[in-house]
Amino acid sequence: MKKFFAILILCVFVTTGAFASILQVGPAANINFNATKAESEVDSLKDFNKYQFGAEARVNLFFLQLGANGLVSLPDKNGNWAVNSMLSANLVAGPNLVNLSFGAAIPYVFGFGPDASEITPNSFLEQELMLKAGLNFNLAFVGLGVSYYIPTGLAAKNVVSDIQKMKIDFDRGQLSLAVMFNLF
């Protein structure tokens, strides 16, 4: 039975690696979404201040996927803009047509405006690590990726030492939708 699962996992990784596009780029949109109150959140989808728009790029190497995105949020009531970027590393399982990805991401915010210093973080590794789960659909040269980012409450540099203090916070989750163009 162990051999069967080992062969099955190996086949999934080989088919994913053999048929996946190496480079994907495209437009992306995020929405801050509370998954524990999904029914009440549907009405709040009209609030465009919860949305962020930008671009995403992914590099696929066999069963490993590295991603980066840059999203711009609308200005808040004080006139501050933010560029939210995120770097992610994921493991991908499944055939290229429909696959799942699981991993981690580190966000980084660049602020612009009168109070920008309040929204600009000090260090990349001091940012809160986020867990990521994604579902990807690929049809020829176009793909669609749906991901959900979940904050952990831990700074990226403290994940190994403070793993027992991790708090999954669904209330601050982010739902992401990206249309990806498969270049190679």
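The accessible surface of the protein amounts to about 10700 Å² (Shrake-Rupley method, 1.4 Å probe), and carbon and sulfur atoms hold 72% of this area. The model is predicted, with local features needing pLDDT of at least 70 and side-chain atom pairs counting only at pLDDT 80 or more, while totals for chains, interfaces and linings use all residues. Residues are numbered from 1 along each chain as its sequence is written, and side-chain values use heavy atoms, with hydrogens and water left out.

Of the 184 residues, 36% are buried, meaning under 20% relative accessible area with a 1.4 Å probe and protein chains only. Two helices and eight strands are present (DSSP runs of H or I with at least four residues, and of E with at least two, numbered from the N terminus). Their order from the N terminus is α-β-α-β-β-β-β-β-β-β. Among contacts (heavy atoms within 4.5 Å) with a separation of 6 or more, 59% join residues 24 or more positions apart.

A pocket is an open set of points on a 1 Å grid over the protein atoms alone, where a 1.4 Å probe fits, with protein on both sides within 12 Å along at least five of seven lines. The largest one has a volume of about 520 Å³, taken as the space filled by probe spheres set on the points. Its lining (residues with an atom within 4 Å of a point) comprises 26 residues, with N32, Q52, N84, V109 and Q174 nearest the centre. Strands 1 (23-32), 2 (51-61), 3 (64-73), 4 (81-93), 5 (98-112) and 6 (128-139) each give two or more residues to this lining, and strand 4 contributes the most, with five.

Definitions and conventions
Buried means under 20% relative accessible area, exposed over 50%, partly exposed in between (1.4 Å probe, protein chains only).
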